[in-house]
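Student: I am new to this structure and would like a close look at a single part of it. Could you take me through one pairing of side chains with care, and then show me what else belongs beside it?

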Amino acid sequence: MYSHLPPLNALRAFEASARLMSFTLASKELFVTHGAISKQVKILEDFVGLPLFIRQHRSLKLTDEGERYFIHAQAALQTINNATSDLISQPLRTQTLAINVLPSLTISWLIPRLEEFKSRYPHLYVDLSIGDFEVDFNKVNYDIAIRSSTTVPKAANVMTLMDEDLCLVCSPALAENLIHITDINQMTLLQHTTRPGLWQLWAENVGLELTTDKKFGVEHFYMLSQAAVSGMGVALIPRFFIEDELRTGKLVIPFEANTDAQFTSPYRYYLLTPKSSNLPLKVQSFIDWLLELFSPYRH
């Protein structure tokens, strides 16, 4: 493709010699010997088939062909230098990373962890917004979106983050009244209003017939966890949402010895990016960081 492209070292030696009008000064600039510069220039002259310098006693002079070639060679090397410098310095420039994330995931989980991402990538300005609507990257200026769904989202590059493994949880006080799994029917079921079928799916999974009519509905998982901490009832919540509450004892898992008390819902969490064969470095950096955080929960 580039059949007339000369050796780069020879071109650099010629450009420095022509600019400084001295093989000696060119050798000092490029940290090589005088003989090495002279040899590289001769290689270039042999390559183009023309003399580029008139070698006089203790001085150099460009030939007419050398003068014309020098102008183009210097411009070409400057272009390569600028392009390389721009590429190297790009990660150091402040860039905006626009992320749209589910409300519960943002408020109770992502925001407390973003300081670690910011310390790792201080040149990135994170523009974080919340939403659970269908994402059309042709109409919104997001770099990344995170959604949960029972089907794989379309019109975007899609990466599965994890399944939604739900835990049955409640406050420690309520857990004292949950001796057998059938005691669930004596409790108020805290219900995710946009996923009203989860309790029935859980009951079928553990072989329990739900008979209670006592229910309390909330819209988001972070509201569900607060209601459970307050002792309002029992809830089904993804474990990664409530690791802190479980660690501090604000929430407990009744029947923990019974592994059927936890089950995988039909929902999955997906990371979405605009359709493209190559991801920008800022986007890939966030994805790599996010996958580190989610690694304990990915099957």
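Tutor: Let us begin with arginine 195 and glutamate 164, whose side chains meet in a salt bridge, at 2.4 Å from N to O, in what is a predicted model. Arginine 195 sits in the loop between strand S7 (189–192) and helix H8 (198–206), while glutamate 164 belongs to strand S6 (residues 157–169), so the pair ties together parts that are 31 residues apart in sequence. Both partners, arginine 195 and glutamate 164, are buried. As general background, side chains of opposite charge can pair when their charged atoms come close.

This pair can be set beside others, since a search of the whole structure finds 11 salt bridges. One of them joins the side chains of glutamate 15 and arginine 19, with 2.8 Å from N to O; these two residues are four apart in helix H1 (residues 8–20), which means that about one helical turn separates them. Glutamate 15 has a relative accessible area of 9% and is therefore buried, the cut-off being under 20%, whereas arginine 19, at 36%, is partly exposed.

Arginine 19 also forms a salt bridge with glutamate 29, and here the closest N and O atoms are 2.7 Å apart. This second pair links distant parts of the chain, with arginine 19 in helix H1 and glutamate 29 in helix H2 (residues 23–30), 10 residues apart. Glutamate 29 is partly exposed, with a relative accessible area of 35%. Through shared partners, salt bridges join Glu15, Arg19 and Glu29 into one network.

For a setting without charge pairs, we can turn to the nonpolar cores. The largest nonpolar core has 60 residues, and Trp202 and Leu290 are those with the most contacts inside it. Another core, of 18 residues, lies apart from it and includes Ala16, Phe53, Leu62 and Ala73.

Helix H3 shows how buried and exposed positions can be arranged along one element. Ile37, Val41, Leu44 and Glu45 are buried in H3, and, seen down the axis of the helix, its buried residues fall within an arc of 100°, so they line one face. The face of H3 turned away from this buried side carries the exposed residues Lys39 and Asp46. Phenylalanine 47 also lies in H3 (residues 34–48) and counts as partly exposed, at 39% relative accessibility. Together with Val48 and Leu50, Phe47 forms a nonpolar patch on the surface, with about 230 Å² of accessible area in total. Just after H3, glycine 49 takes a positive phi of about 75°.

Definitions and conventions:
Residues are numbered from 1 along each chain as its sequence is written. This is a predicted model: local features need pLDDT of at least 70, side-chain atom pairs count only at pLDDT 80 or more; totals for chains, interfaces and linings use all residues. Side-chain values use heavy atoms; hydrogens and water are left out. Patches are made of residues with over 30% relative accessible area and no salt bridge: like charges are joined within 9 Å, nonpolar side chains (Val, Leu, Ile, Met, Phe, Trp, Tyr) within 5 Å. Accessible areas come from the Shrake-Rupley method with a 1.4 Å probe; for residues, only the protein chains shown count as cover. A salt bridge is a side-chain nitrogen of Lys or Arg within 4 Å of a carboxyl oxygen of Asp or Glu. Buried means under 20% relative accessible area, exposed over 50%, partly exposed in between (1.4 Å probe, protein chains only). A nonpolar core is a set of buried Ala, Val, Leu, Ile, Met, Phe, Trp, Tyr and Cys residues joined through side-chain atoms within 4.5 Å. The arc is that of the directions from the helix axis to the C-beta atoms.
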